[in-house]
Amino acid sequence: MLIIKIASDKFNNVVNARLRLVQQMGHLAGALNITVAGNEGANGVYNKLNTGFSGCIETAKAGIENEAGTGEATMGSYLDLYSRCLDQENAMLLRRTCLMVEHENACKAVEKARPNREEAAKTIRDEAEKEFQECTEVAKSEIKAFHQRRLSEFRQSMLYYVEGQIKCSRENYSALSNCLNKIKDFPLPQVKESMFDPNDNDKE
């Protein structure tokens, strides 16, 4: 049980780290869209290049966000559900243990009961035994069914997670390849001495 809880917490940490990265990439993309004065000469080229790079950052951001969302919807949600089910299983076993203690105390009370109170003590003992046995049967049935289901469901969630991550990775690869090609194909003008000073672009 502890291992599942640790796995769930670690997985959530990974998802949250990706979401924090997404947020920072959004800030970076926004900062790159801040233009410098003038759309001619070196400043113009700088602004256009930053705008193109900002679009690439947005594309990468969307890919990472999709990866995090897919992971959270598949493996993350299952691990969380699994942890909650284990908590309920422990609560049920604790309830059974309490009933067992109550039954044992009722048996001891019968042994110590005076003759005039023995029948009442036996009735309490029998009721405690019945409740304990009913709880035991239910717990046995529920725990058996849960542990049989959890393996197949865990396997299925792993498959969904892997398939989702593969799909996201392929989409990200395609999108980032397109971005890389756009950056590579970005037309850079021939550098002229006047371009180092945007105010002197009209000079011969």
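**Figure 1. Eight places where opposite charges pair up.** The structure holds 8 salt bridges. This is a predicted model, so keep that in mind as you look through the views. Three of the bridges get a view of their own further down: lysine 61 with glutamate 58, aspartate 126 with arginine 125, and glutamate 153 with arginine 149.

**Figure 2. The whole chain, before we zoom in.** How many helices and strands does the protein have? There are 3 helices and 0 strands, and reading along the sequence gives the pattern α-α-α. The radius of gyration is 33 Å, while the globule rule gives 17 Å for 204 residues, so the protein is more spread out than a compact globule. The C-alpha trace tells you about the outline too: along the principal axes it spans about 120 × 30 × 20 Å. Of the 204 residues, 25% count as buried. The protein exposes about 14400 Å², and carbon and sulfur atoms supply 55% of that area. Now take the contacts in the protein with a separation of 6 or more: residues 24 or more positions apart account for 78% of them.

**Figure 3. Lysine 61 and glutamate 58, a pair within helix α2.** These two side chains form a salt bridge, and their closest N and O atoms are 3.8 Å apart. Both residues lie in helix α2, 3 residues apart, which is about one turn of the helix. Is lysine 61 buried or exposed? Its relative accessibility is 17%, and the cut-off for buried is under 20%, so lysine 61 counts as buried. Glutamate 58, on the other hand, is partly exposed, with a relative accessible area of 35%.

**Figure 4. Arginine 125 and the residues around it.** Look for arginine 125 in helix α3. Its side chain meets that of aspartate 126 in a salt bridge, at 3.2 Å from N to O. Both partners are partly exposed: the relative accessible area is 38% for aspartate 126 and 24% for arginine 125. Which residues does arginine 125 touch once you leave aside its neighbours within four places in sequence? The contacts are His103, Ala106, Cys107 and Val110. For a sense of scale, try alanine 145, which sits 20 residues from arginine 125 along the chain. The C-alpha atoms of arginine 125 and alanine 145 are separated by 30 Å.

**Figure 5. Glutamate 153 and arginine 149, a pair within helix α3.** Here the side chains of glutamate 153 and arginine 149 meet in a salt bridge, at 3.8 Å from N to O. The two residues are 4 apart in helix α3, so about one helical turn separates them. Glutamate 153 counts as partly exposed at 34% relative accessibility, and arginine 149 counts as partly exposed at 44%.

**Figure 6. Glutamate 89, a buried charge without a salt bridge.** Glutamate 89 is found in helix α2, which covers residues 41–112. It is buried yet has no salt bridge. How far away is the nearest side chain of opposite charge? That side chain belongs to arginine 150, and it is 7.0 Å away. A salt bridge needs the charged atoms to be within 4 Å, so 7.0 Å doesn't make the cut. Leaving aside its neighbours within four places in sequence, glutamate 89 does have company: it is in contact with Ile143, Phe146 and His147.

**Figure 7. A nonpolar patch out on the surface.** Which residues make up this patch? They are Leu49, Phe53, Ile183 and Leu188, and together they have about 340 Å² of accessible area. Leucine 188 is found in the segment after α3, the helix that runs over residues 118–184. Leucine 188 is exposed, with a relative accessible area of 59%.

**Figure 8. Lysine 182 and cysteine 56, far apart in sequence.** Lysine 182 has its place in helix α3. With a relative accessible area of 60%, lysine 182 is exposed. Now find cysteine 56, which is 126 residues away from lysine 182 in sequence. In space, lysine 182 and cysteine 56 are 9.0 Å apart, C-alpha to C-alpha.

How values were computed
Residues are numbered from 1 along each chain as its sequence is written. This is a predicted model: local features need pLDDT of at least 70, side-chain atom pairs count only at pLDDT 80 or more; totals for chains, interfaces and linings use all residues. Side-chain values use heavy atoms; hydrogens and water are left out. Patches are made of residues with over 30% relative accessible area and no salt bridge: like charges are joined within 9 Å, nonpolar side chains (Val, Leu, Ile, Met, Phe, Trp, Tyr) within 5 Å. Accessible areas come from the Shrake-Rupley method with a 1.4 Å probe; for residues, only the protein chains shown count as cover. Buried means under 20% relative accessible area, exposed over 50%, partly exposed in between (1.4 Å probe, protein chains only). Lys and Arg count as positive and Asp and Glu as negative; His and the chain ends are not counted. Contact means heavy atoms within 4.5 Å. The radius of gyration is taken over C-alpha atoms; the globule rule is 2.2 Å times the number of residues to the power 0.38.
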